[in-house]
Amino acid sequence: MPDELWVILGTMSRFPVALAAASAGCYEAPRAAALSGVPTRTVYDWASKGIVVPSVSPVQEKLWSFADLMSLRIVAWLRKPKGSEDDRLPASPMTQVRSALTQLAQLNIDLWSEHEPGKASLVVDQRGDIFLRMPNGFVDTKGNHALPYDKHFGLLDPFEFEGQSGPDLVRPRPHLRIVPERVAGEPHVENTRLTTQTLAGLAARGYSTARVASMYDVSEEAVCEAVDLEKALGAA
């Protein structure tokens with residue numbers, strides 16, 4: 001593997017652009033795996049091989065950033081074959097991964113606005129090209145209207161790889177949010193700093209949904225969603 005590839009993969013979140021927000025977040029391997037949708041063994045394997053190096057801390061204890069979660073999804077998606085059984089497309093070569101992450105690092109847009117979540121999102125196609133999905137269509141990284149090539153997916157959308165599922169990386173449930181610079185990038189109840197791990201932990205200790213909701217002045221729906229999300233992440 002070319003040395004420049006792991007350099008780009010391992011440092012993309014450090015670029016001095018708006019995506020610097022994505023360099024926030026702080027996830028240990030199991031959490032990074034659960035949120036990205038990439039198995040823990042693969043996350044560790046790619047870290048040891050320099051494919052996606054955890055940018056917060058590359059040594060023990062290894063810690064991944066929010067941007068690293070997107071890196072994991074890009075590599076996983078581009079490297080797996082696409083197409084029907086009768087028309088299998090080859091796994092995307094690592095040169096395309098390098099190109100995709102280089103473009104991603106150059107983007108200059110706030111994708112995690114607390115006030116306008118989902119206004120724009122990132123899309124990568126099977127060639128490794130990155131696009132912005134806007135309300136009025138797709139634009140490339142230069143701001144030109146364009147269409148992704150054939151197979152594509154949204155980097156922040158729910159993701160599946162090797163039998164493991166990762167949640168939406170902006171709004172994992174209707175009342176929950178993930179914002180890289182808030183509560184270390186942990187899923188939390190929108191407009192609060194109350195993490196889903198806190199709510200699920202109380203529920204696991206035997207507190208009723210209504211009691212937990214009353215304790216923190218949030219809706220029972222939010223508590224139920226927090227418990228459901230943590231159950232899903234824990235099963236990953």
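Two strands are taken to pair if DSSP finds at least two bridges between them. The model described here is a predicted one, and the account begins with its strand pairings before turning to the core, the surface and the loops.

Strand 2 (residues 130-134) and strand 3 (residues 137-140) run antiparallel and are joined by 4 bridges. Within this pairing, R133 has F138 of strand 3 as its bridge partner, and the connection between strand 2 and strand 3 is a hairpin that passes through 2 residues. Strand 2 is also paired with strand 1, again in the antiparallel sense and over 4 bridges, with L132 of strand 2 serving as the bridge partner of L122. Strand 1 and strand 2 likewise form a hairpin, here with 4 residues between them, and G128 in the turn adopts a positive phi of about 95 degrees.

Strand 1 has a further antiparallel pairing, with strand 4 (residues 152-154), over 3 bridges, in which F153 of strand 4 is the bridge partner of V124. With regard to burial, 5 of the 5 residues of strand 1 (residues 121-125) are buried, and the strand is therefore largely enclosed by the rest of the structure. This cover extends to both faces of strand 1, since S121, V123 and D125 on one side are buried, as are L122 and V124 on the other.

In soluble globular proteins, nonpolar side chains tend to be buried together. In the present model the largest nonpolar core contains 48 residues, of which V38, W46, F66 and L169 touch the most other members. Helix 4 (residues 66-79) supplies the largest share of this core, contributing 9 residues.

Nonpolar side chains are also found at the surface, where Y207, M215 and Y216 make a patch of about 260 Å². Y216 belongs to helix 7 (residues 209-216), and its relative accessible area of 35% falls between the limits of 20% for buried and 50% for exposed residues, so Y216 is classed as partly exposed.

A contrasting environment is found for H188, which lies in strand 8 (residues 188-189). Because its relative accessibility is 0%, H188 counts as buried. A polar atom of the H188 side chain lies 3.0 Å from the backbone oxygen of E186.

Most residues other than glycine have a negative phi. Two residues of the model are described here with a positive value. A184, although it is not a glycine, has a positive phi of about 60 degrees; this residue is found in the loop between strand 7 (176-177) and strand 8, and its relative accessible area of 41% makes it partly exposed. D217, also a residue other than glycine, has a positive phi near 55 degrees and is found in the loop between helix 7 and helix 8 (220-234). With a relative accessible area of 72%, D217 is exposed.

In summary, strand 1 is paired in the antiparallel sense with strand 2 and with strand 4, and each of its 5 residues is buried. Strand 2, in turn, is joined to strand 3 by 4 bridges. The loop that follows strand 7 and leads to strand 8 holds the partly exposed A184, whereas H188 in strand 8 is buried.

Methods
Residues numbered from 1 in each chain as written. Predicted model: local features only at pLDDT ≥ 70, side-chain atom pairs only at ≥ 80, totals over all residues. Heavy atoms only, no water. Core = buried A, V, L, I, M, F, W, Y, C linked by side-chain atoms within 4.5 Å. Buried < 20%, exposed > 50% of the residue type's maximum accessible area, 1.4 Å probe, protein only. Patch = residues over 30% accessible without salt bridge, like charges linked within 9 Å, V, L, I, M, F, W, Y side chains within 5 Å. Areas by Shrake-Rupley, 256 points an atom, 1.4 Å probe, with all protein chains shown as cover. Salt bridge = Lys/Arg side-chain N within 4 Å of Asp/Glu carboxyl O. Polar contact = N/O pair within 3.5 Å; in protein donor to acceptor, adjacent residues only side chain to side chain.
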